[in-house]
Amino acid sequence: MTPPFTTAIVPAAGLGTRFLPTTKAVPKELFPVVDTPGIELVAAEAAEAGATRLVIVTSPGKDAVVEYFRPQPELEEMLQRRGKSALVDAVRRAQGLIRVETAVQEQALGLGHAVGCAEGNLRGDDEAVAVLLPDDLVLPTGVLIKMARVREEQGGTVLCAFDIPREQISAYGVFDVEDTADPDVKRVHGMVEKPSPERAPSTYAAAGRYLLDRAIFDALKRITPGAGGELQLTDAVALLISEGHPVHVVVHRGGRHDLGNPGGFLRAAVDFALQHPEYGPELREWLRDRIADG
């Protein structure tokens, strides 16, 4: 059976302004969640779901993000000489996950524009592409696998959604949906950006995982830029819906971490560290004592 997608796109051209001044020199995608950069966690998720190619959309000056996936033979040789085989494996891990290439977004003109910059990287057999936002860690991994199954059954485009408490819904883009036979799969009729709780069409909010039919690239050429001249991916999806293109969401019942701001990044680091066999037990004990001390 042909996989529903083999190419994944990761938009990573942002300046990371919420992490300044650190991001003057280090791209936020390389910040380690304990001991693994967020970009590697996202690449591993894409590979787990069947992707064999990762197109990283970068901006000028962010070459380090792609360099992370390239071999470092001198470093590996030095570590081997010192008998640090576990570190050699760690250094090689990212380059063995997936084949990485780049597209360049010269100007920050929105998520839709970033995705559109990767069109030239597509192959003739790319009928659909996955898009993973590197700021979003969707846990546990595997939602893309279910999204791919839904596309096989329903066709079209499949998005990821979280069921958000209604009182918190105004911070999100919210789907107008219709139930299907699967309680965790909904047909999408529209989307509303940051509605008030009383006006929200549902409590299903967009998350950072997309499985987009190739038709999205034509739609991106036909939408009108919004504020700041930005092209929004949701506007292109809305255009496809208006033209009868099937769009569904998979409701993910797990958790998520937002690596795009310092508070969310710290929560992710603590969460991952608590699960780490080496660091977890001591950290849990320290946190207990620290919270008790106020």
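Helices and strands here are DSSP runs, numbered from the N terminus, and a pocket is an open set of grid points with protein on both sides within 12 Å along at least five of seven lines. The model behind everything that follows is a predicted one.

Start with the largest pocket, which comes out at about 1,200 Å³. Its lining counts 37 residues, and those closest to the centre are R18, L111, L133, D135 and Q232. Several elements chip in: α5 (111–116), β10 (185–193), β11 (204–213), α8 (233–242) and β13 each supply at least two lining residues. The top contributor is β11, with four residues. As for chemistry, the lining of this pocket is a mix of 17 nonpolar, 10 polar and 10 charged residues.

The second largest pocket has a volume of about 240 Å³. Here the lining is made of 13 residues, with D35, Y68, A90, V91 and R93 lying nearest the centre. Helix α4, spanning residues 85–97, gives the most to this lining, namely six residues. Sorted by class, the second largest pocket is lined by six nonpolar, two polar and five charged residues.

Away from the pockets, strand β1 (residues 7–11) is worth a look. This strand is mostly covered, with five of its five residues buried. In a regular strand, side chains alternate between the two faces of the sheet. In β1, T7, I9 and P11 point one way while A8 and V10 point the other way, and all of them are buried. What does β1 pair with over five bridges? The partner is strand β4 (residues 53–58), and the two run parallel. Within that pairing, P11 has V57 of β4 as its bridge partner. β1 also pairs with strand β6 (residues 128–132), again in the parallel sense, over two bridges. On that side, A8 stands opposite A130 of β6.

Last comes a histidine in a loop. H252 sits between β12 (247–251) and β13 (255–258). Is H252 buried or exposed? Its relative accessibility is 11%, so H252 counts as buried, given that the cut-off for buried is under 20%. The side chain of H252 reaches the backbone oxygen of L139 at 2.9 Å. Setting aside neighbours within four places in sequence, H252 is in contact with V138, L139, P140 and V143, and also with C160, A161 and F162. L139 therefore turns up twice around H252, as the residue whose backbone oxygen the side chain reaches and as one of the contacts, because contact means heavy atoms within 4.5 Å.

Methods. Residues are numbered from 1 along each chain as its sequence is written. This is a predicted model: local features need pLDDT of at least 70, side-chain atom pairs count only at pLDDT 80 or more; totals for chains, interfaces and linings use all residues. Side-chain values use heavy atoms; hydrogens and water are left out. Buried means under 20% relative accessible area, exposed over 50%, partly exposed in between (1.4 Å probe, protein chains only). Two strands pair if DSSP finds at least two bridges between them. A polar contact is a pair of N or O atoms within 3.5 Å; within protein, one must be able to donate a hydrogen and the other to accept it, and residues adjacent in sequence count only if both atoms are side-chain atoms. On a 1 Å grid over the protein atoms alone, a cavity is a set of points where a 1.4 Å probe fits but cannot get out, and a pocket is an open set with protein on both sides within 12 Å along at least five of seven lines; lining residues have an atom within 4 Å of a point. Grid points are joined across faces, edges and corners, and a volume is the space filled by probe spheres set on the points. Ala, Val, Leu, Ile, Met, Phe, Trp, Tyr, Cys and Pro count as nonpolar, Asp, Glu, Lys and Arg as charged, and the others, Gly among them, as polar.
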